[in-house]
Amino acid sequence: GAGPRPGGTATTLPGATPMTRGVGESDDSKKRGYLIAPPPLFPLVPAFARQTYRYEVDPGRMWFFEQKQGIGLGLNVSVNVRMTVIKLKTGGLWVHAPVAPTEECIALLAELDAPVEHIVLPTTLFEHKIFVGPFQRRFPDAEVWIAPDQWSWPVNLPPSFFGIFQTGILGQDTASWEDEFEYEMLQPPALGVASYVSFTECAFLHKPSKTLLVTDAVVYVSENAPDAIPDRDLLESGDDNNFTIAALKFLNLFDIATKAKARKVTSDDMTEAQRLRLGWQRNALQALYFGPSNLLDPEQSWARITNKLLVAPVVSTLVYENIPGEVDDWARRVGKMGKFERIVPCHFDAPIRAGPKEWNAAFGFLPSSRPEEGKEARYYPDEDMVLLRGVEDFLQGLGVIFTDESRPKYGRINVRAEERRSGARR
């Protein structure tokens, strides 16, 4: 059976964020092997094994299942990825954004002693989509509901190629669980690369628990290092001599070599708890910004982004600010869906005590988080956004990320978006 593992390494530190999702349970007796197939174009890790932690959020009604997910290339940048499971009035389970169906994950799910009735893919993004087909094969009797406008690149293959055989498409077909949920979809025009590459996301309001479920729309970054990220990874990130810090010093990006010489306390002087916390800070900030202004000593950057509901800088910069009208419209529709008291995204901390007011405020940067000339930044610290905005400008210049001027006028999702924009202008 599953044995509890204490949740969170940072919660023992002074001033740490309270752990609201409870103690995670994992099962060391079950296998964790998992190989992603077909392999992605970018190195998604872990490559061969994924540990699962289960959290009972609402007794007998809602659970989180979390695994580690990150980018390889020796960068050691990982966060948690979350599957939320809700027991319906029927007694069956509704599974939101499946994670890798390892033997351990399936065993922890089986302990809930209820059939999996519905599997929901709420987005078009590969890192969430890739597990749906294998998960469906473990539960062949379950209905599968997917977000519209699914795609793959460089060859645009149908969901069935990835083993996904949907019962219905969200927004087009009616599901039996809709008496317990409301949902609103973001369906913007093409994001970039090709005329069919969409960034679709569906936000669900579970009415009985007053919980809003999203994928990547918002995050809440806290001191709680996810259980799914092993201490060894955090200690490596917290080492001032790791690959990333060494590379930054060699290139002297962000004048890090000068900062290193002026630093009075190094990782060698820290306790293990302090290095774990530093490792989590560096992990999270790289995932959010690619590279903050001072990865060596990130305390100032950390204080500015933690313990608040916000849109992740990487999402706002590379996605939302390029389709601000559609995002603003969707955010407003979600905020009006009904009264919710908690928000559960697929990454970082959860559940987040927040309602429509906080949700609406999180999108207050639209149409752009870049401050007007001569004015102070209101949403993200300017110095932490330098690399990310540089990447955006570079990709837009290459035509990899579309602007309204460079976006193709053809393609179903672009024609649809233009029709909606024309209707809104009338």
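Glu-184 stands opposite Ala-203 in β12. That pair is a good way into this predicted model. Six bridges join β11 to β12, and the two strands run antiparallel. They belong to an open sheet of five strands, ordered β11-β12-β13-β16-β17, with mixed pairing. β11 (181-186) and β17 (352-353) stand at the edges. Each has a single partner strand, so one side of each is left without a neighbour in the sheet.

Now look at what covers the sheet. α10 lies across β11, β12 and β13 (211-213), and runs at about 170° to β11. Follow Trp-330 from here. Leaving aside neighbours within four places in sequence, Trp-330 is in contact with Glu-184, Met-185, Leu-186, Glu-201, Ala-203, Ala-217, Tyr-320, Trp-359 and Phe-363. Both Glu-184 and Ala-203, the opposed pair, are in that list.

Trp-330 also leads to the largest nonpolar core, which has 54 residues. The members that touch the most others are Leu-212, Val-218, Tyr-320, Trp-330, Ile-343, Trp-359 and Phe-363. Elements giving two or more residues to this core include β12 (201-206), α7 (272-289), α10 (324-335) and α11 (356-362). α7 gives the most, with six residues. A second, separate core of 31 residues includes Val-85, Leu-93, Ile-106 and Ile-119.

α7 deserves a closer look. Does its length fit or clash with what 1.5 Å a residue predicts? The 18 residues of α7 should span 26 Å, and the end C-alpha atoms are 25 Å apart, which agrees. Among the buried residues of α7 are Leu-276, Leu-278, Trp-280, Leu-285 and Leu-288. Gln-281, Arg-282, Asn-283 and Gln-286 are buried in α7 too. Just after α7, Phe-290 takes a positive phi of about 75°.

The loops hold further backbone features. Two peptide bonds come first. The bond from Ala-350 to Pro-351 is cis, with omega near -5°. Pro-351 lies in the loop between β16 (342-344) and β17. The bond from Leu-366 to Pro-367 is also cis, with omega near 10°. Pro-367 lies in the loop between α11 and α12 (386-398).

Positive phi angles come next. Asp-113 is not a glycine, yet has a positive phi of about 55°. Asp-113 sits in the loop between α1 (103-110) and β8 (116-121). With 70% relative accessibility, Asp-113 counts as exposed, because the cut-off is over 50%. Val-193, also not a glycine, has a positive phi of about 70°. Val-193 is found in the loop between β11 and β12. Val-193 has a relative accessible area of 45%, so it is partly exposed.

Technical notes: Residues numbered from 1 in each chain as written. Predicted model: local features only at pLDDT ≥ 70, side-chain atom pairs only at ≥ 80, totals over all residues. Heavy atoms only, no water. Core = buried A, V, L, I, M, F, W, Y, C linked by side-chain atoms within 4.5 Å. Buried < 20%, exposed > 50% of the residue type's maximum accessible area, 1.4 Å probe, protein only. Helix = DSSP H or I, 4+ residues; strand = E, 2+ residues; numbered from the N terminus. Contact = heavy atoms within 4.5 Å. Expected span 1.5 Å × (residues − 1). Pairing = 2+ DSSP bridges. Axes fitted to C-alpha atoms, helices over the stretch in contact; angles between N-to-C directions.
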